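Reader: Could you take me slowly through the place where the ligand sits, and tell me which residues are around it?

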Amino acid sequence: MNTDQVLDIFREAGAVLEGHFILTSGLRSPVFLQKARVFMHADKTEKLCRALAEKIRAEVPGQIDYVVGPAIGGLIPAYETSRHLGVPAIWVEREGGVFRLRRFEIEKGARVVTVEDIVTTGLSIRETIECLRDLGAEVVAAACIIDRSAGKSDVGVPLIALAEYEVPAYPADQLPPELAAIPPVKPGSRNI
Ligand SMILES: O=P(O)(O)OC[C@H]1O[C@H](OP(=O)(O)OP(=O)(O)O)[C@H](O)[C@@H]1O
Ligand SMILES: O=C(O)c1cc(=O)[nH]c(=O)[nH]1
Ligand SMILES: [Mg+2]
């Protein structure tokens, strides 16, 4: 599946929003990919995650013990991708703002692939990896449906993106005037 096909699925679902958005990193953007509008459709989610699982299998040598999704956005794609990989899916969720594996135990040395929905700066993946490494897991790769940094984010392990789609994002004190004129909204769950 190529980037245009992935973006077509997002557009069909009405998931490519335009306005003024506060991203989880604090950056501001005129475009927000509202993945929930895609993940509400099992058929669209299946197509995307089957393709992502195939890409993971092709690029990750050796065994994968778990897929780990960062809540909330990573829950559904991690679960669906794990189904196609035939391995269990678990998740990290924020407790006091910090990702924790609250509901599961993981064996030391377990080989893990993280699966995210969208990557902008890679911060959420780096936080996920830190949590898993603290527990003794080996993170062999990170994967996502769309990488908005188009390969520029460094998460410290190979990042396998189903699509790369570069979208502008600005520090809050460097907004272009047309963006500054729109009241901002923050769709994500960090700090809620
Ligand atoms: O690469 P980054 O700069 O970290 O941005 C991407 C992250 O932002 C979103 O999560 P968010 O914290 O907004 O909440 P959500 O998972 O509930 O949507 C998205 O699900 C990624 O986890
Ligand atoms: O960077 C983010 O927070 C972000 C961007 C985006 O397009 N979609 C999303 O869910 N989060
Ligand atoms: Mg998220």
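Author: What follows is a close look at the surroundings of ligand 1. This is a predicted model, in which local features need pLDDT of at least 70 and side-chain atom pairs count only at pLDDT 80 or more, while totals for chains, interfaces and linings use all residues. Residues are numbered from 1 along each chain as its sequence is written, ligands are numbered from 1 and chains lettered from A in the order in which they are written, and side-chain values use heavy atoms, with hydrogens and water left out.

Ligand 1 is surrounded by 17 residues, and the closest are K35, E116, T121, S124 and S189 (a residue is near a molecule if one of its heavy atoms lies within 4 Å of it). By class, this shell has 4 nonpolar, 9 polar and 4 charged residues, where Ala, Val, Leu, Ile, Met, Phe, Trp, Tyr, Cys and Pro count as nonpolar, Asp, Glu, Lys and Arg as charged, and the others, Gly among them, as polar. Strand 6 gives the most to the shell, with 4 residues (strands are DSSP runs of E, at least two residues, and helices are runs of H or I, at least four, numbered from the N terminus).

Turning to single atoms, an oxygen atom of ligand 1 lies 2.5 Å from a polar side-chain atom of E116, while for K35 the distance from a side-chain N or O atom to an oxygen atom of the ligand is 2.7 Å, and a polar side-chain atom of T24 is 2.8 Å from a ligand oxygen atom. Of the 490 Å² of accessible area that ligand 1 has on its own, the protein covers 92% (areas come from the Shrake-Rupley method with a 1.4 Å probe).

Conventions:
A polar contact is a pair of N or O atoms within 3.5 Å; within protein, one must be able to donate a hydrogen and the other to accept it, and residues adjacent in sequence count only if both atoms are side-chain atoms.
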